[in-house]
Amino acid sequence: MAAIILKTVILVMGIIMFVITVSSLAKRRMNESFCLAWGIISVAIIVAGCMLHPSQIGEYISNLGLILILIIFFSVVYAAYFVSLKISELEREKQELAINVSLLNEENRRMLECLSELTGRDIRDI
């Protein structure tokens, strides 16, 4: 009985991970590289849920131990996903800041040119 429950939980978790990954890509919450990695991991979990047959797991791990292992596994996966989201968010913010700095530098250059035209002095003297 524990084998069927474990197999079902792994399969459902893989499907949920795949759906969350695709929705994160669609909402632009995560980078494409992270989404690709999470997609591959979720497909691997789905395949593992379909192909593995843990027939004697009940002899080695109690039901309570299995629940504890699943909770730890879910926590680790959630933490890794959360870190991936935060890294993607920071990369997106870094790119936006680089664009803003570039625009500010261009605006500063234009202002200095305008100022040099008005004062008749060289830009390097200002």
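A residue is called buried when its relative accessible area is under 20%, and exposed when that value is over 50%. In this predicted model, those terms separate two sides of helix α2, whose buried residues are Cys35, Trp38, Gly39, Ser42, Ile45 and Gly49, whereas the face turned away from that buried side carries the exposed residues Leu36, Ile40 and Met51.

**Helix α2**

- With 20 residues, α2 reaches 28 Å from its first C-alpha to its last, which is close to the 28 Å expected at 1.5 Å a residue.
- Viewed down the axis of α2, the buried residues fall within an arc of 130°, so they line one face of the helix.
- The packing partners of these buried α2 residues are α1 and α4.

**Nonpolar cores**

- The largest nonpolar core has nine residues, namely Met13, Met17, Met30, Cys35, Trp38, Ile45, Val77, Tyr81 and Leu85.
- At least two residues of this core come from each of α1 (2-26), α2 (32-51) and α4 (63-119).
- Separate from this is a second core of six residues, among them Ala3, Leu6, Ile57 and Leu70.
- Cys35, a member of the largest core, is in contact with Thr21, Ser24, Leu25 and Met30 once its neighbours within four places in sequence are left aside.

**The loop between α1 and α2**

- Asn31 lies in the loop that separates α1 from α2, and it counts as buried because its relative accessibility is 17%, which falls under the 20% limit.
- Not counting residues up to four places away in sequence, Asn31 touches Ser88 and Glu91.

Note on methods. Residues are numbered from 1 along each chain as its sequence is written. This is a predicted model: local features need pLDDT of at least 70, side-chain atom pairs count only at pLDDT 80 or more; totals for chains, interfaces and linings use all residues. Side-chain values use heavy atoms; hydrogens and water are left out. A nonpolar core is a set of buried Ala, Val, Leu, Ile, Met, Phe, Trp, Tyr and Cys residues joined through side-chain atoms within 4.5 Å. Buried means under 20% relative accessible area, exposed over 50%, partly exposed in between (1.4 Å probe, protein chains only). Helices (H or I, at least four residues) and strands (E, at least two) are DSSP runs, numbered from the N terminus. Contact means heavy atoms within 4.5 Å. The expected span of a helix is 1.5 Å times one less than its number of residues. The arc is that of the directions from the helix axis to the C-beta atoms.
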